[in-house]
Amino acid sequence: MLAFRNSTTTVSGSVGLAGTCVGERNQADFVAMLGSMTAAFLYVLINSFGGLSLSREDPSSEAYGAFAVCTLVSLLAFLFVAVLLIQHLYFVCTGITGWESLCRERIHYLKEIHGDLNPFDEGVVINITRVLEAREVPQVWTIEKALRAL
């Protein structure tokens, strides 16, 4: 049986954040966006902590409350984006998309493969290389060939 991983139908739980489906072709861009967002939220979080320490010197200052709220919001945003980044880095390293990971039982080309076997996992280095080169046509593969490789 011949199957084709169509990147326009692979969906991640991150559709709202990216504004589009995260599949094979745009996975590298999405991970880069998450990395930059994580760094930005970390920067804001560090500066919020700095503001908290400066506003403590003057307890009557109304700035303390604003910095406390900013710190809390920054912490929550940083944790959300950092966890999402870690999840997608895992997907990249294992050679799978979010849709394939979360909805495996609904995908026709994965129904025939039993257990937790992943026919797309070719090792961390090759998986990362495939994501970085994913601007081209998605990989065409046969289930039989993938199972023999496992």
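**Notes on a first look at this model**

1. Let's start with one residue: Val124 is partly exposed, because its relative accessibility is 46%, a value between the 20% and 50% cut-offs. Keep in mind that this is a predicted model. Val124 sits in helix 6, which covers residues 124-132.

2. What does Val124 form on the surface together with Ile128 and Leu132? The three make up a nonpolar patch, and their accessible area adds up to about 270 Å².

3. Now for the inside. As a rule of thumb, nonpolar side chains in soluble globular proteins tend to be buried together. Here the largest nonpolar core counts 11 residues, among them Val22, Phe30, Leu34, Met37, Leu84 and Val131. Helix 2 (27-55) and helix 3 (63-94) each bring in at least two residues of this core. Which helix gives the most? That would be helix 2, with 5 residues.

4. There is also a second core, separate from that one, with 7 residues. Trp99, Ile107, Leu110 and Ile113 are included in it.

5. On to charges. Side chains of opposite charge can pair when their charged atoms come close. How many salt bridges turn up in the whole structure? The search finds 1. The partners are Arg130 and Glu122, whose side chains meet at 2.6 Å, N to O. Arg130 is partly exposed at 38% relative accessibility, and Glu122 is partly exposed too, at 33%.

6. Aromatic rings next. Such a pair is described by the distance of the centres and the angle of the planes. Searching the whole structure gives 1 aromatic pair. The ring centres of Tyr90 and Phe91 lie 6.2 Å apart with the planes at 55 degrees, so this pair counts as tilted; edge-to-face would need an angle over 60 degrees.

7. Are Tyr90 and Phe91 buried or exposed? Tyr90 is exposed, because its relative accessible area is 53% and the cut-off for exposed is over 50%. Phe91 is buried, with a relative accessible area of 3%.

8. Last, the cysteines. A disulfide is a covalent bond between the sulfur atoms of two cysteines. In this model the count is 0 disulfides. Cys70 is partly exposed at 32% relative accessibility. Cys93 is partly exposed as well, with a relative accessible area of 27%.

Note on methods. Residues are numbered from 1 along each chain as its sequence is written. This is a predicted model: local features need pLDDT of at least 70, side-chain atom pairs count only at pLDDT 80 or more; totals for chains, interfaces and linings use all residues. Side-chain values use heavy atoms; hydrogens and water are left out. A disulfide is a pair of cysteine sulfur atoms within 2.5 Å. Buried means under 20% relative accessible area, exposed over 50%, partly exposed in between (1.4 Å probe, protein chains only). Patches are made of residues with over 30% relative accessible area and no salt bridge: like charges are joined within 9 Å, nonpolar side chains (Val, Leu, Ile, Met, Phe, Trp, Tyr) within 5 Å. Accessible areas come from the Shrake-Rupley method with a 1.4 Å probe; for residues, only the protein chains shown count as cover. A salt bridge is a side-chain nitrogen of Lys or Arg within 4 Å of a carboxyl oxygen of Asp or Glu. Helices (H or I, at least four residues) and strands (E, at least two) are DSSP runs, numbered from the N terminus. A nonpolar core is a set of buried Ala, Val, Leu, Ile, Met, Phe, Trp, Tyr and Cys residues joined through side-chain atoms within 4.5 Å. Rings of Phe, Tyr and Trp (its six-membered ring) pair if their centres lie within 6.5 Å; planes under 30 degrees apart count as stacked, over 60 as edge-to-face and the rest as tilted.
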